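Subject: Handover of a structure

Dear colleague,

Please find the structure below, together with its sequence. A summary of what was found in it follows.

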Amino acid sequence: MTNKKEHWTNSAWTISIGTAIFSLLLTMGYDYSKEKPILTTVWTILKWVANLIWTVLNFDLKVWWIIVAVIVFILIIILIDKFKNEETFKPDFYSYREGKFKRWRWTWGWNWNSSKNAWIISGMKAHCPNCDTPMIEHSSIYGLSFDCPRCEFRASDGQCDEPHKIERIILDNIDRQRAEKKNSL
Ligand SMILES: [Zn+2]
């Protein structure tokens with residue numbers, strides 16, 4: 001015992017007291033397990049765990065191990081946090097996914113477009129005014145038309161909500177709501 005900076009687990013007192021308690025527990029446990037043989041397996045496992053703990057406690061810990069461990073831990077936390085934020089960050093309009101416009105009810109979703117660096121409307125669907133089924137959109141040189149796959153409702157050019165206008169209205173609704181929020185603050 002020449003080293004002054006000894007770990008507490010290496011001091012003579014700790015070792016002798018620790019060993020005494022450990023061997024006492026070992027004897028008690030061994031006697032008990034002899035009476036109840038089923039416990040022998042459990043006892044073996046417990047002994048193994050106790051040995052492991054004892055070994056870990058007696059580890060000659062280097063300070064730089066702890067520093068490296070803390071740095072690695074912090075890095076992991078930062079990475080998880082960053083990943084989580086990107087995954088879960090949703091704008092306030094994210095739940096705005098349906099609305100009644102000129103003629104029909106429309107539903108849509110939001111997709112993050114990384115090249116535009118913006119949220120864009122995706123999967124816009126016009127719902128049938130009779131049965132609410134999403135309608136099939138046709139656009140050709142003859143114009144725009146919608147038909148319902150369920151009830152055969154049809155709407156041709158001039159009787160349809162035009163998707164590009166609906167999209168513009170959705171975006172404008174969001175802008176207006178934002179302006180309202182700003183004014184009320
Ligand atoms: Zn229908």
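In strand β5, F146 is the bridge partner of E137. The two strands involved are β4 (residues 136-140) and β5 (residues 143-147), which run antiparallel and are joined by five bridges. Two residues lie between β4 and β5 in the hairpin that they form. Strands here, like helices, are DSSP runs numbered from the N terminus (E, at least two residues, for strands; H or I, at least four, for helices), and two strands are taken to pair if DSSP finds at least two bridges between them.

Please note that this is a predicted model, in which local features need pLDDT of at least 70 and side-chain atom pairs count only at pLDDT 80 or more, whereas totals for chains, interfaces and linings use all residues. Residues are numbered from 1 along each chain as its sequence is written.

Overall composition

The protein has four helices and six strands, and their pattern along the sequence is α-α-α-β-β-β-β-β-β-α. Of its 185 residues, 5% are buried (20 or more other C-beta atoms within 10 Å of the residue's own; 12 or fewer is exposed, and in between is partly exposed; C-beta atoms are placed from the backbone). Among contacts (C-beta atoms, placed from the backbone, within 7 Å) with a separation of 6 or more, 26% are between residues 24 or more positions apart.

The three-stranded sheet

An open sheet is formed by three strands in the order β1-β2-β3, with antiparallel pairing. Its edge strands are β1 and β3, each of which pairs on one side only. From one strand to the next, the twist averages 30° (axes are lines fitted to C-alpha atoms, for helices over the stretch in contact, and angles run from 0 to 180 degrees between N-to-C directions).

Strand β1 (residues 98-100) is joined to β2 (residues 105-113) by three bridges, and G99 has W106 as its bridge partner in β2. A hairpin through four residues connects β1 to β2. Between β2 and β3 (residues 118-127) there are eight bridges; within this pairing, G109 stands opposite S122 and W110 is partnered by I121. The hairpin of β2 and β3 has four residues between the strands, and N117 in its turn has a positive phi of about 55°.

Helix α4

Helix α4 (residues 163-184) packs on the sheet and touches β1, β2 and β3, its direction making about 130° with that of β3. The helix has 22 residues and reaches 32 Å from its first C-alpha to its last, close to the expected 32 Å (1.5 Å times one less than the number of residues). Two of the 22 residues of α4 are buried, so the helix lies largely in the open.

The core and K125

The largest nonpolar core (a set of buried Ala, Val, Leu, Ile, Met, Phe, Trp, Tyr and Cys residues joined through C-beta atoms within 7 Å) has nine residues: W106, A126, C128, M135, F146, C148, C160, I166 and I170. Beyond four places in sequence, C128 touches T133, M135, C148, R150, C151 and F153.

K125 is found in strand β3. Because K125 has 17 C-beta neighbours inside 10 Å, it counts as partly exposed. Leaving aside neighbours within four places in sequence, K125 is in contact with W106, T107, W108 and P134. The C-alpha atoms of K125 and E137, which are twelve residues apart along the chain, are separated by 8.6 Å.

Yours sincerely

Definitions and conventions. Two residues are in contact if their C-beta atoms, placed from the backbone, lie within 7 Å.
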